[in-house]
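I opened the coordinates to take notes on chains, folds and charge pairs. Entries follow in the order in which I looked things up.

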Amino acid sequence: MSSPVSAPDALAPDFLKLVGVSKTFGNHRVLDKIDLAVSEGEVLVIIGPSGSGKSTLLRCINFIAAPDEGEVIFQGHSWKAMSSKYNFLANRKYEQKLTVLRSEIGMVFQNFNVFPHMTAAQNVMLGLTKVRKQSKDNARKAAVEALSQVGLAEKVDQYPEKLSGGQKQRVAIARALALQPKVMLFDEATSSLDPELVNGILEEIRRLAKAGMTMVVVTHEMNFAFQVAHRIVFMDQGRIVEIGTPDQIRKTTEPRTRSFLSAILN
Amino acid sequence: MNSYKFDWAVIDKYLPELLKGLWITLEVSLVGMAIALIFGLLLAMGRLSPLRLTRSVANGITQVFRSIPLFVMLFWVYYGLSLKFHVLFTEFQAGALALGITGGAYMAEVFRGGLLAVDPGQREAAMAMGISKSTTFFHVIFPQALRVVVPPSVNVYVGLLKGATIVSVIGVSDMIYVAQYVSLQTFTPFELYSVAGIVFVALTVSISGFAWMLERRLGRGRSE
Amino acid sequence: MNSAQPFFDFTSVWSSMPILLKGFAIAMACATVAIIIAILLGLIVALMRLSRVKILRWIAFIYTQFFRGIPLYVLIIWVYFGLAIAAGVNLPAIPAGIITLALLNSGYLSETFRSGILAVNKGQIEAGMALGLSRRNVMLHIVLPQAFRVIIPPLGNQYVDAIKDTAILSIIGVPELMRESKALANLYYRPFEFYTFAGLLYLFAVLVVSRGVSVLEKKLSAHSAQTTVIIDVLN
């Protein structure tokens with residue numbers, strides 16, 4: 001197995017930090033007081049059994065699922081749980097502010113979530129025109145550029161239904177990258193893909209890692225995880241069981257991590 | 001300025017008459033629904049017939065009767081049909097018949113959907129056991145279709161009940177007719193029509209709620 | 001009946017054609033204006049029902065239940081002969097008819113819109129939020145355009161219902177097809193012929209609208225959400 005991509009030299013503290021983040025759906029505590037810090041340029045891979053809260057954790061970072069408790073600190077700014085369930089106006093205002101956080105953090109989903117009623121280019125342009133307030137012409141140029149980067153120069157004006165799963169996911173990646181985010185979140189980006197298309201997408205993520213993008217990646221592709229990660233987080237039942245470098249995780253003595261790894265690697 | 005004098009006491013006074021009118025509306029709608037059930041089942045079976053001609057005729061009838069407003073149907077039956085063919089319908093009969101024809105076209109759709117919703121494997125399984133066609137229909141297909149059919153049928157009935165309010169225009173002495181008649185004497189149309197409206201909303205909303213409940217109940221049993 | 005006359009005699013129908021067609025046009029115009037108003041009202045009510053504010057949800061719920069529950073005939077005489085008289089407003093028949101039709105249809109359409117909006121995959125909303133779009137923009141550019149496709153067939157049905165419902169506007173004196181047919185049927189003493197012809201005109205309108213809707217549906221589904229939905233189901 002090849003060695004991981006070289007770790008960034010200077011790990012800037014507090015680039016992205018979660019403090020005591022909790023989330024409950026009904027009676028089920030999906031996240032239980034999560035503390036986690038990500039450095040600039042770091043690739044953090046989250047692994048764990050399904051239902052362990054990995055996806056929810058990603059969604060709490062950009063407040064797509066707002067945490068019930070705790071805070072997210074991003075570039076020195078603290079983002080807290082919604083003030084009150086009942087104070088509608090305050091929440092609305094806060095929701096407006098959250099768009100700032102979200103536009104700095106790109107996200108790629110398991111089910112692609114490309115917008116089916118828009119062409120590839122329009123998918124990418126939406127964020128550029130509505131969030132970055134660019135002109136249509138500039139947005140179009142940037143969209144074509146972003147799509148070319150992921151190898152879709154030919155598909156710019158295609159609707160998603162004409163694209164393969166891998167191509168849809170590339171559109172989604174281009175859409176996120178066009179906004180020039182400081183962090184990228186990948187939520188099982190290859191789980192919905194046919195096996196022969198998985199490597200192409202993993203390659204895109206690897207390319208981003210080499211370029212120094214800060215990333216939080218949830219994946220079931222263990223080989224990839226061990227290759228690309230600076231650190232690996234193992235989660236179970238809404239808690240972080242263990243964090244370590246790929247080597248540390250591979251040689252761990254923690255029983256739950258070991259049983260998970262042996263089950264998935266064999 | 002407005003000189004309308006509200007007088008809610010009139011409701012109290014004429015309540016028995018209004019309720020008697022409501023009962024007539026219910027009667028017309030129920031008789032209409034009975035006709036609709038029979039007519040609708042015949043149409044649905046025609047539409048699923050192996051004979052192409054039967055299918056086309058049944059499809060055509062369904063489309064035509066669904067497209068003609070109930071109001072037009074009512075006048076067509078009461079004035080048109082009765083005059084042309086010298087059948088003297090009473091107002092009540094004409095109302096029920098018009099409701100039955102229009103409702104039947106809607107029920108045809110409901111029955112057809114219900115029959116088609118039964119898994120074809122059920123028919124095959126019955127056939128494989130050597131069960132006759134009619135036994136298969138009545139003991140295997142129909143009971144299963146019934147579950148799918150009941151909730152939308154209740155909704156068709158709600159539509160007929162609402163439609164039944166127009167029978168007063170040909171002189172059936174239903175609730176609206178009573179309200180109109182009374183308001184001519186008391187000049188309190190607002191009060192009378194408001195009460196009629198509230199009664200109908202209460203009635204239709206509760207029946208629709210019942211259909212919704214039924215749908216959830218029956219839906220649960222379907223996967224058993 | 002005079003036995004010298006033929007059994008079916010549509011000559012009086014043919015000679016009254018201009019009046020009947022004008023009535024038909026008025027009926028179509030009333031239905032069309034009403035459905036446009038109903039779309040706007042229905043959309044507002046649907047968004048209220050999906051709001052995070054409880055009071056708005058309740059108001060919208062009651063609105064929907066009321067207008068879905070009340071028979072058109074009862075509503076129209078309540079508005080025209082009840083409310084207008086009690087409030088001392090002299091409401092002309094056509095606006096009164098259009099408003100009533102619009103209110104009634106908005107109740108149904110709000111339900112259609114609500115279920116259409118709820119049918120849009122949640123991942124689409126998440127993706128929009130992840131880009132940093134405001135709630136408004138997510139609704140406007142992502143949810144509503146996709147909900148619109150799902151909504152087209154029931155919207156077409158609602159339009160068909162509105163066209164059929166215009167017949168009831170004759171009650172308050174709107175000079176539409178049914179009112180003219182009634183008057184002419186009495187004049188020529190030919191109710192069967194006139195009501196049959198009126199029925200055929202409504203049938204024609206319904207068929208044309210249904211056809212138009214299915215063409216529109218096909219056109220829009222050229223690049224539809226379907227493929228994504230199928231993939232999501234498979235996962």
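I count a contact when heavy atoms lie within 4.5 Å. On that basis, residues 24 or more positions apart supply 77% of the contacts in chain C with a separation of 6 or more.

**Ground rules.** I am working on a predicted model, where local features need pLDDT of at least 70, side-chain atom pairs count only at pLDDT 80 or more, and totals for chains, interfaces and linings use all residues. Residues are numbered from 1 along each chain as its sequence is written, chains are lettered from A and ligands numbered from 1 in the order in which they are written, and side-chain values use heavy atoms, with hydrogens and water left out.

**Chains.** I checked which chains meet. Two pairs of chains touch, and chains B and C share the most contacts. Chains A and B do not touch; 23 Å separates their nearest C-alpha atoms.

**Chain C, fold.** I took helices (H or I, at least four residues) and strands (E, at least two) as DSSP runs, numbered from the N terminus. Chain C has 10 helices and zero strands. I then compared its radius of gyration, taken over C-alpha atoms, with the globule rule of 2.2 Å times the number of residues to the power 0.38. The value for chain C is 22 Å, whereas a compact globule of 235 residues would be near 18 Å. Along the principal axes, the C-alpha atoms of chain C fill a box of roughly 80 × 45 × 25 Å.

**Chain C, surface and charge.** I used Shrake-Rupley areas with a 1.4 Å probe; for residues, only the protein chains shown count as cover. Chain C exposes about 10,600 Å² of accessible surface, 70% of it from carbon and sulfur atoms. Buried means under 20% relative accessible area, exposed over 50%, and partly exposed in between (1.4 Å probe, protein chains only). Of the 235 residues in chain C, 51% are buried. For charges I counted Lys and Arg as positive and Asp and Glu as negative, without His or the chain ends. Each charge sits at NZ of Lys, CZ of Arg, CG of Asp or CD of Glu. Chain C has 18 positive and 10 negative charges, with mean positions 10 Å apart.

**Salt bridges.** My criterion was a side-chain nitrogen of Lys or Arg within 4 Å of a carboxyl oxygen of Asp or Glu. I found 23 over all chains. Lys23(A) pairs with Asp68(A), with the closest N and O atoms 3.9 Å apart. Lys23(A) lies in strand S1 and Asp68(A) in the loop between helix H1 and strand S4, so the pair ties together parts that are 45 residues apart in sequence. Lys23(A) is buried at 11%; Asp68(A) is partly exposed at 38%.

Next I looked at Arg29(A) and Glu69(A), which form a salt bridge at 3.8 Å, N to O. Arg29(A) is in strand S2 and Glu69(A) in strand S4, so this pair joins parts 40 residues apart in sequence. Both residues belong to a salt-bridge network with Asp32(A) and Arg239(A). Arg29(A) is partly exposed at 31%, and Glu69(A) is partly exposed at 37%.

Glu95(A) and Arg102(A) also form a salt bridge, at 3.6 Å, N to O. Glu95(A) is buried at 9%, and Arg102(A) is buried at 1%.

**Helix H1(A).** How many residues of H1(A) are buried? Seven of the eight are, so H1(A) is largely enclosed by the rest of the structure. Among them I noted Lys54(A), Arg59(A) and Cys60(A). Just after H1(A), Phe63(A) has a positive phi of about 60°.
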